[in-house]
Structure formats: structure tokens, C-alpha cells
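User: Could you take a close look at one part of this structure for me? I'd like the sheet and whatever packs around it, told as one connected story.

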Amino acid sequence: EKICYYKPGQLKSPLGTVYLRDYVCASVTGDRPTTPFCFSLQPVCIGNRVYYFAANSREQMNEWIMAINQSIQYSRIETNQGSLCDSVAHETALVCIRQLMGHSD
């Protein structure tokens with residue numbers, strides 16, 4: 001699984017792609033950043049970029065973190081052990097991410 005990010009207003013081609021199996025998602029605590037309800041994708045390997053996100057509420061932030069971490073978990077299972085993941089739970093995580101992004105499909 002992956003997350004693509006785009007320049008605002010330009011959805012034709014992504015600026016970059018984050019492969020979730022290489023990251024861990026968690027809320028941000030401490031001094032950086034100062035935006036409320038901030039969470040990040042932290043790299044598993046040293047040297048990779050940290051990605052920061054902000055939600056509109058603590059509840060929404062927790063939903064994002066849970067959905068992304070679920071996708072990370074299943075991505076790692078598929079990558080390391082073939083297709084052993086539960087496809088129903090995997091699809092549920094993808095639907096949750098789509099809903100959080102405002103897509104109804």
C-alpha cells in the first residue's frame with residue numbers, strides 16, 4: 001500500500017509516493033510541529049523522510065492513525081509472507097482511508 005501526495009490543485013501526477021510498509025504512523029508529541037491534531041509517518045529505516053499530517057479533530061486524527069497502521073500491517077504481511085492477510089479486514093482499512101479522504105467509493 002502507498003500514499004501519494006500532490007501539489008495543491010494539481011492531481012494529475014503526484015509529487016511523491018510513500019510506501020507504507022517502510023513507515024510507522026503515530027501522533028506527534030513534543031515541540032514539533034505545533035499544529036493541533038498532528039500525526040506523522042515515521043520511517044522504519046534511518047535516513048528516510050518524516051511526513052507530517054494534521055486532522056480537524058482528535059477523533060479524526062485517531063481514525064487516520066488506526067486506518068494507516070492497519071494498512072501498514074497488512075502491507076507488511078503481504079510483502080513478507082505472500083497473501084496471508086485477511087482480505088476483508090484489509091479492504092475495511094482501505095474503505096476507511098477513502099472515507100477519511102472524502103471519497104465515497
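Analyst: Here is a walk through the sheet, its ring pairs, the core and the loops beside it.

Keep in mind that this is a predicted model. For orientation, the chain holds two helices and five strands, and read from the N terminus the order is β-β-β-β-β-α-α. The chain has 105 residues, and 26% of them count as buried.

Now the sheet. It's an open one, built from three strands in the order 3-4-5, with antiparallel pairing. Strand 3 (23-27) and strand 5 (51-54) sit at the edges with a single partner strand each, so one side of each has no neighbour in the sheet. From one strand to the next, the twist averages 20 degrees. As background, strands of a sheet pair through backbone hydrogen bonds, and they can do that parallel or antiparallel. Here, strand 3 and strand 4 (residues 38-43) run antiparallel and are joined by five bridges. If you want a spot to start from, look at Tyr-23, which stands opposite Pro-43 in strand 4.

Tyr-23 also leads us to the rings. Ring pairs tie Tyr-5, Tyr-23 and Tyr-51 into a cluster. A search of the whole structure turns up four aromatic pairs. Take Tyr-5 and Tyr-51: their ring centres are 5.6 Å apart and their planes meet at 55 degrees, so this pair is tilted. Stacked would need planes under 30 degrees apart, and edge-to-face over 60. The two rings come from distant parts of the chain, with Tyr-5 in strand 1 (residues 2-5) and Tyr-51 in strand 5, 46 residues apart. As for cover, Tyr-5 is partly exposed because its relative accessibility is 27%. Tyr-51 has a relative accessible area of 12%, so this residue is buried.

A second pair worth a look is Phe-39 with Trp-64, which is stacked, at 6.4 Å centre to centre and 25 degrees between the planes. This one also links distant parts of the chain: Phe-39 belongs to strand 4 and Trp-64 to helix 1 (residues 58-81), 25 residues apart. Phe-39 counts as buried because its relative accessibility is 2%. Trp-64 comes in at 16%, so Trp-64 counts as buried too; the cut-off for that label is under 20%.

Phe-39 carries us straight into the core. The largest nonpolar core has 13 residues, and those with the most contacts inside it are Cys-25, Phe-39, Leu-41, Ile-68 and Ile-72. Strand 3, strand 4 and helix 1 are the elements that give two or more residues to this core. Helix 1 supplies the largest share, five residues. In general terms, nonpolar side chains tend to be buried together in soluble globular proteins. Over the whole chain, 35% of the contacts between residues at least 6 apart in sequence join residues at least 24 apart.

Next, the start of strand 4 and the loop leading into it. Phe-37 lies in the loop between strand 3 and strand 4, and the backbone there is worth checking on your screen: phi of Phe-37 is near 60 degrees, a positive value in a residue other than glycine. With 29% relative accessibility, Phe-37 counts as partly exposed. Cys-38, by contrast, is found in strand 4 and counts as buried, with a relative accessibility of 5%.

Cys-38 is also a handy reference point for distances. From Cys-38 to Phe-53 is 5.6 Å, C-alpha to C-alpha, although the two are 15 residues apart in sequence. Cys-38 and Ser-57 are 19 residues apart along the chain, and their C-alpha atoms are separated by 9.3 Å. Ser-57 is in the loop between strand 5 and helix 1. Its relative accessible area of 28% makes Ser-57 partly exposed.

Last, the outside: the chain exposes about 7200 Å², and carbon and sulfur atoms supply 51% of that. To pull the main thread together, strand 4 supplies Phe-39 for the stacked pair with Trp-64 of helix 1, and Phe-39 is among the residues with the most contacts inside the largest nonpolar core.

Definitions and conventions: Residues numbered from 1 in each chain as written. Predicted model: local features only at pLDDT ≥ 70, side-chain atom pairs only at ≥ 80, totals over all residues. Heavy atoms only, no water. Pairing = 2+ DSSP bridges. Helix = DSSP H or I, 4+ residues; strand = E, 2+ residues; numbered from the N terminus. Axes fitted to C-alpha atoms, helices over the stretch in contact; angles between N-to-C directions. Phe/Tyr/Trp six-rings, centres within 6.5 Å; stacked < 30°, edge-to-face > 60°. Buried < 20%, exposed > 50% of the residue type's maximum accessible area, 1.4 Å probe, protein only. Contact = heavy atoms within 4.5 Å. Areas by Shrake-Rupley, 256 points an atom, 1.4 Å probe, with all protein chains shown as cover. Core = buried A, V, L, I, M, F, W, Y, C linked by side-chain atoms within 4.5 Å.
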